[in-house]
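Trainee: I've got this structure open and I'd like to learn how to read it. Can we go through it together, one question at a time?

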Amino acid sequence: LAEYAFLNVNLCQYDKACQLYRQSLALQPRFNSRNHWGAYAYALAENGQKTQADSIFKLLESPGAQKDIVYTGWKSQMEAGRQNYKEAYDLLL
């Protein structure tokens with residue numbers, strides 16, 4: 001389910017992606033990859049659930065997060081979607 005949800009994020013079908021990620025988490029309380037958490041947070045943000053998205057990104061943030069492509073990639077996309085272009089750019093630097 002998580003892989004199918006990830007595909008839906010890439011197809012910009014955020015509502016479906018969120019639904020599939022929730023179903024996946026109901027079956028197993030974690031994902032096999034941090035990339036799924038980033039994609040889920042991004043889909044939540046695109047679906048208008050910004051508080052939940054921020055909570056997940058806060059959990060993904062770690063001392064080495066600035067070098068973590070999962071964190072910086074998804075977080076920068078979310079910030080660009082919020083029109084926080086400077087922060088999005090700074091994350092990618």
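Trainee: Which residue forms a salt bridge with Arg82?

Mentor: Keep in mind that this is a predicted model. Side chains of opposite charge can pair when their charged atoms come close. For Arg82, the closest N and O atoms of the salt bridge are 3.1 Å apart, and the partner is Asp54.

Trainee: How many residues apart in sequence are Arg82 and Asp54?

Mentor: Look at where each one sits: Arg82 is in the loop between α5 and α6, and Asp54 is in helix α4. The pair therefore ties together parts of the chain, and the separation in sequence is 28 residues.

Trainee: Is Arg82 buried, partly exposed or exposed?

Mentor: Buried means under 20% relative accessible area, and exposed means over 50%. Arg82 has 25% relative accessibility, so it counts as partly exposed.

Trainee: Which residues are linked in a network of salt bridges with Asp54 and Arg82?

Mentor: Head over to helix α5, where two side chains meet in a salt bridge at 3.4 Å, N to O. They are four residues apart, about one helical turn. Those two join Asp54 and Arg82 in the network, and they are Lys75 and Glu79.

Trainee: And Glu79, is that buried or exposed?

Mentor: The cut-off for buried is under 20% relative accessible area. Glu79 has 3% relative accessibility, so it counts as buried.

Trainee: Moving on to rings, what kind of pair do Tyr14 and Tyr42 make?

Mentor: A pair of aromatic rings is described by the distance of the centres and the angle of the planes. Here the centres of Tyr14 and Tyr42 are 5.7 Å apart and the planes are at 85°. Planes over 60 degrees apart get their own label, so this pair is edge-to-face.

Trainee: Which residues form one aromatic cluster with Tyr14 and Tyr42?

Mentor: Start from the two you know: Tyr14 lies in helix α2 and Tyr42 in helix α3, and both are buried. The cluster that holds them also includes Phe6 and Trp74.

Trainee: Last one: which elements give two or more residues to the lining of the largest pocket?

Mentor: That pocket holds about 160 Å³ of space. Its lining includes Leu1, Ala2, Glu3, Ser24 and Leu27. By class, the lining has four nonpolar, four polar and two charged residues. The elements you're after are α1 (2–10) and α2 (14–27).

Notes:
Residues numbered from 1 in each chain as written. Predicted model: local features only at pLDDT ≥ 70, side-chain atom pairs only at ≥ 80, totals over all residues. Heavy atoms only, no water. 1 Å grid on protein atoms, 1.4 Å probe; cavity = no way out; pocket = protein on both sides within 12 Å on 5 of 7 lines; lining within 4 Å. Points joined across faces, edges and corners; volume = space filled by probe spheres on them. Nonpolar A, V, L, I, M, F, W, Y, C, P; charged D, E, K, R; others polar. Phe/Tyr/Trp six-rings, centres within 6.5 Å; stacked < 30°, edge-to-face > 60°. Buried < 20%, exposed > 50% of the residue type's maximum accessible area, 1.4 Å probe, protein only. Salt bridge = Lys/Arg side-chain N within 4 Å of Asp/Glu carboxyl O.
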